[in-house]
Amino acid sequence: MPVELAFDFVSNSAAADVLAARRGWSGFFTFTTLVVILSSTIRLAVPYIFAAIGESIAQRSGVLNLGVDGVMLLGAFAAYYVTLETGGPWQGLGAGLTVGMAMGVLYAFITVTLHATQDISGIGIYLFGLGFSDLLFRQLVGTPIPIERFEGVFEFIVPDERLDVPYPNLYNHSIIIYLAFLLVPLAWLTVSKTTFGLNIRAAGENPEAADSLGVSVVRTRYTTIIIGNALAGVGGAALVLDKGIYFQNITNGIGFIAVALVYFGAWRPLGVLAGSLLFSLVTSAVLEWRTLGILTGAAAQLTEMVPAVITVVALVIVTRRIGQPSALTQTFSREINY
Amino acid sequence: MKLLEMVGITKHFVGVLANDNINFDLNQCEIHTLLGENGAGKSTLMKILYGLYNPDEGEIRLRGETIEIKSPSDAIRHGIGMVHQHFMLVPTLTVAENVSLGLRSSRHPLTDLPAVSKRITELSELYSLKVDPDTYIWQLAMGERQRVEILKALYRNASVLVLDEPTAALTPQEVAELIHVLKKMAADGRGIIFISHKLKEVMAVSDRITVLRDGQVTGEITPAQTNESQLAQMMVGRPVQLVPDRPKIKLGEPRLVIQDLYVDGDRGDRAVVGVSLEVREGEILGLAGVSGNGQRELAQAVAGMRNVVSGTVKVGGKDTTNKHPKVVRQARLSYVPEERLYEGTIPSFAVSDNLILLDRRDKRFCQYNFMHFTNIKEHCLNLVRRFLIKTPTLETTTSDLSGGNIQKLIMARELSGRPKVLLASQPTIGIDVGATEYIYSQLLEQKADGCAILLISEDLDELMVLADRIAVIYEGQIMDILDHQEADLEQLGLLMAGVKENVPWLHRQMAQPLSMA
Ligand SMILES: Nc1ncnc2c1ncn2[C@@H]1O[C@H](COP(=O)(O)OP(=O)(O)O)[C@@H](O)[C@H]1O
Ligand SMILES: [Mg+2]
């Protein structure tokens, strides 16, 4: 679980003082806690938004990619390594994007050109990403060295007199967070309002119909898969550039939750955003309980399960499947389909 | 000069010669029909024309010039449009979105749906193809979907329009309207290729008819020079009895009694609304209706495969309402479902396994829970021979058989137990003339044997030929029950469309295109 995200500010002594003043349930219902939770919600949501929006676009065209987490890991490592070498987080972000696109080409070749079964291929991609990112990390870096992160660009508006949280990174967000939120309307516009979006939806609902009108199902799916994987790579990069560090399996399943969020959001960008935020909100609230000592010992350990449990419960509740592309996971080939 | 010529077209699939050196041509202003049984190679030829398949040999000429068609976009570019046998529409998109798919938008990269809608409205007024551009495809009836398919081709300015079995899912009125529209489009200078195996409409619509059998052209003729039975013979390769002799049977006791039945559909809607029907010994009761009006739910409820909300079903005097299918079967009801591949058989099973499915617990075939293969084989060979099922071996996978042979397999299984009641749903839909003739003879043989048959069908000609009485279902209700002698096509068609009172002007208006056909 991405526990470290919310804890990385609790490491100095000034923090310990403020924290001591807010311990327990009484400390939970304070304005400061609200700011802490909301800020960390937004930060936590970023990798989910990138990965899940990307995955939703690919799924709208009929392609399921279970390898998102593996691609995120590769993107994360690429971003870490390039930032470490060049000293620039922008270069790192670009590296994550590029690696994601490369993985997209690979996955599209496997599933679209070679007609391989999507679910099994996706798991293969995940295992490859998991193993290969770790191998590269050990061969090229070895021990984790902190890297440069994005600077905050805009301040989260908090009244001065209420500002008893001395940690600017809580309310001063980096550019990448704004990019993530900008992605949502952009994805909506693309899918719902452009001819390319029309092709995407047709390829995902009835590829034969699209093909019979001269829409290239192959090209459409290649494009969406590359976009989806590129965004997964960016999601991994965003994670590393927020933490400023890399370690083995740093995503810890974020990519799989992202796939679940696509279902939760009923394949709509706004739904995916809502799911990402809800999920991050619960995660950060639970983390805050632990930080404030409301939950201790075994109970605190158990809370690590909460996000996973929520995912399952939410998916059970939201199994309407309304909006699921009819041709999801179906391969397309003229001689076979007609 | 010919508008279109297809010369020496040959196409192999693994083990099948689908098109064998076929020559076919089309003039401007002409409706040229391709007639042939299922598997004759009609769709294959047209898919070659539309760039979906590449021919092994042969060439295509448009206005005298040889052209290469490698994909549907090539075909569209050359002004060839196609309405496929299975509609090529995206149900979750609107009419306008479907029509504009694949075309460059005037506001590229954004879509320009208002402009598309405007043009669709113009075209639909010009050809009286009424449809609202902003509705979703899933909201449309089959006839309306067909219009969208035609509009798609018109929107792309097709000068050659192919319609592959366009009447399969239409009511008689809709067929008449379609014929009307096709004639108008031909009169405007287009060439139209019409595919069907229904002889009546072929005679009505065609300027010229080319008959295909087993991938070869067996004749080219005009309707004036021929008649239905000659066409049938050219199609099948032997004389065919289109209208079977109806055995004179004295009707006996009621065998299937359905009383005030209410059944819910899959979406929780009320699919069957207070239906009461009675089928007597030796009687065939036809149930006419456009599919989706509750026939499927009614059949499933009677067969014990769907729960009844209220009302009763009696089979042979025994109350089988909401009983397990096993109980219904024990009351000697046989069921030939509409969905033959998945409800009627287990497609991945061998032919013999599917034939034995009902009797698998019979002492002859099952001893101490072990299958008795010698007996099973003998029994199945018998059935295959008696019911003329064309299969390479008994071990052949069922889904590899053609539709007609799968249907014969189901009939063999269901009729071998000499049922008291037979529930047959669309037994000949999508099946060619030869197999249809055989299935008719089997149904009539059962009738002569005293079986009570509820025959659910969309094909009114079929009901007129077979049924003693015809009930019409619309939106889950029985509109009327007519004796076959007093029923006529127009009246049945109106009832199927939900028109009960005999409104004279409406009657005349809807009858007009039909009489023209
Ligand atoms: N994609 C395909 N692969 C293999 N065989 C096919 C394929 N399409 C059609 N066939 C075979 O070719 C023959 C002609 O089929 P088709 O053109 O669909 O007939 P029709 O449209 O006249 O009913 C049939 O025997 C059919 O099984
Ligand atoms: Mg066909």
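Here are a few notes on chain B of this predicted model, covering a magnesium site, one helix and a domain interface.

1. Start with the magnesium ion (ligand 2). Its protein donors are Ser43(B), through OG, and Gln85(B), through OE1, at 2.1 to 2.4 Å from the ion. Ser43(B) sits in helix 1 (residues 42-49) of chain B, while Gln85(B) belongs to the loop between strand 6 (80-83) and helix 3 (95-100), so the pair ties together parts that are 42 residues apart in sequence.

2. On exposure of the two donors: Ser43(B) has a relative accessible area of 16% and is buried. Gln85(B) comes out at 31%, which makes it partly exposed.

3. Next, helix 14 (residues 433-448) of chain B. With 16 residues at 1.5 Å a residue, a span of 22 Å is expected, and the end C-alpha atoms are indeed 22 Å apart. After the helix comes Gly450(B), with a positive phi near 95°.

4. Helix 14 of chain B is mostly covered, with 12 of its 16 residues buried. Among them are Val433(B), Tyr438(B), Ile439(B), Leu443(B) and Leu444(B), but also Gln442(B), Gln446(B) and Lys447(B).

5. Now the domains. Chain B splits into domain 1 (4-236), domain 2 (241-332 + 418-517) and domain 3 (351-413). For domains 2 and 3 of chain B, the C-alpha centres lie 28 Å apart.

6. Where those two meet, 10 residues of domain 2 of chain B contact nine residues of domain 3 of chain B. The buried area is about 760 Å², with carbon and sulfur atoms giving 73% of that area. The rule finds zero salt bridges across this interface.

Methods. Residues are numbered from 1 along each chain as its sequence is written. Chains are lettered from A and ligands numbered from 1 in the order in which they are written. This is a predicted model: local features need pLDDT of at least 70, side-chain atom pairs count only at pLDDT 80 or more; totals for chains, interfaces and linings use all residues. Side-chain values use heavy atoms; hydrogens and water are left out. Donors are N, O and S atoms within 2.8 Å of the metal (3.2 Å for Na, K and Ca); water is not among the atoms, so sites may look incomplete. Helices (H or I, at least four residues) and strands (E, at least two) are DSSP runs, numbered from the N terminus. Buried means under 20% relative accessible area, exposed over 50%, partly exposed in between (1.4 Å probe, protein chains only). The expected span of a helix is 1.5 Å times one less than its number of residues. Domain bounds come from an automatic or database domain assignment. Contact means heavy atoms within 4.5 Å. Buried area is the accessible area (1.4 Å probe) that two parts lose on being put together, summed over both. A salt bridge is a side-chain nitrogen of Lys or Arg within 4 Å of a carboxyl oxygen of Asp or Glu.
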